[in-house]
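Hi,

Here is the structure I said I would pass on. Have a look at it first, and then read my notes underneath.

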Amino acid sequence: MRLEVRITRHINRLFAHAQDTLDNRELKEEIHSNLAARIDDYISQGMSEEKAFHTAIQHIAGMDQVMSDHRKVQRVPYWTSLLQSTLIYSLIAWIITIPMRVLMQGSAINNLLMIVSLIVGGTYVVYMLINRGNDPVCSVKTTVIRFPTLMQWNRRIWWLWAAFILVLWGTQAALRFGSNIWFNRPIQVDGPYQFAVIVIAFAIPLLSIIIPLVVHRAYRIVSKYEVSDVL
């Protein structure tokens, strides 16, 4: 039997008595993808397909665990990892925008990202100092994550971000080229400076991708730092 078919049958058995709601269908898809990824990881580590499948499904004990709204994760490693990722994203965005400082608008964005990086970095240092006595590996402190809510926002935030980008790009296009398009006139770009101004104006909204990336990271590392007890 093909591995994909076995995974689908296993998930269907788990949800055999669950209601056919949109949330449950999304949860099935999510569990299916996570289970397949876990099996692939095990196979890449040298396990046989059969052993990888049985090892992976042991992480899904039953419907009570699957349908739980809450997950307990190791608090210090979870927030440390999330702050590290946020700092990396903000630093990368700050470095990318350094060439934009030749323009006033780009300079303002670069300064803003530098301030964001300093705030995130400072928060990370303070958090590490407060928890310096806790071994991240052996930490017993936990925090509760509402996993379905986080999963839903992980999906919604990307749609909201895409809509946000389209609105801003449409606004920029209307402001800069609206009259040319309306009167069917050719769009002229007078020199490299004006071209750079236009490119930067359209590129700046893309930097807001930091927000969905942070939410996505918060969602992805739940399973990594989850403790065995489930509320």
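**What I found**

The chain has 10 helices and two strands. Keep in mind that this is a predicted model. If you walk along the sequence, the elements come in the order α-α-α-α-β-α-α-β-α-α-α-α. As for burial, 37% of the 231 residues count as buried.

The second largest pocket is one thing to look at. Its volume comes out at about 160 Å³. Helix H6 (104-130) and helix H9 (210-220) are the elements that each give two or more residues to its lining, and H6 gives the most, with three. The full set of lining residues is Ile109, Leu112, Leu113, Ile204, Leu207, Ser208, Ile210 and Ile211. Sorted by class, that lining has seven nonpolar residues, one polar residue and no charged ones.

The other thing is on the surface. Which residues form a nonpolar patch there? They are Ile181, Ile187, Val189, Phe195 and Val199, and together they have about 460 Å² of accessible area. Phe195 is worth clicking on while you are there. Phe195 sits in helix H8, which covers residues 191-203. Is Phe195 buried or exposed? Its relative accessibility is 51%, so Phe195 counts as exposed, the cut-off being over 50%.

That's what I have for now. Shout if anything is unclear.

Cheers

Technical notes. Residues numbered from 1 in each chain as written. Predicted model: local features only at pLDDT ≥ 70, side-chain atom pairs only at ≥ 80, totals over all residues. Heavy atoms only, no water. Patch = residues over 30% accessible without salt bridge, like charges linked within 9 Å, V, L, I, M, F, W, Y side chains within 5 Å. Areas by Shrake-Rupley, 256 points an atom, 1.4 Å probe, with all protein chains shown as cover. Salt bridge = Lys/Arg side-chain N within 4 Å of Asp/Glu carboxyl O. Helix = DSSP H or I, 4+ residues; strand = E, 2+ residues; numbered from the N terminus. Buried < 20%, exposed > 50% of the residue type's maximum accessible area, 1.4 Å probe, protein only. 1 Å grid on protein atoms, 1.4 Å probe; cavity = no way out; pocket = protein on both sides within 12 Å on 5 of 7 lines; lining within 4 Å. Points joined across faces, edges and corners; volume = space filled by probe spheres on them. Nonpolar A, V, L, I, M, F, W, Y, C, P; charged D, E, K, R; others polar.
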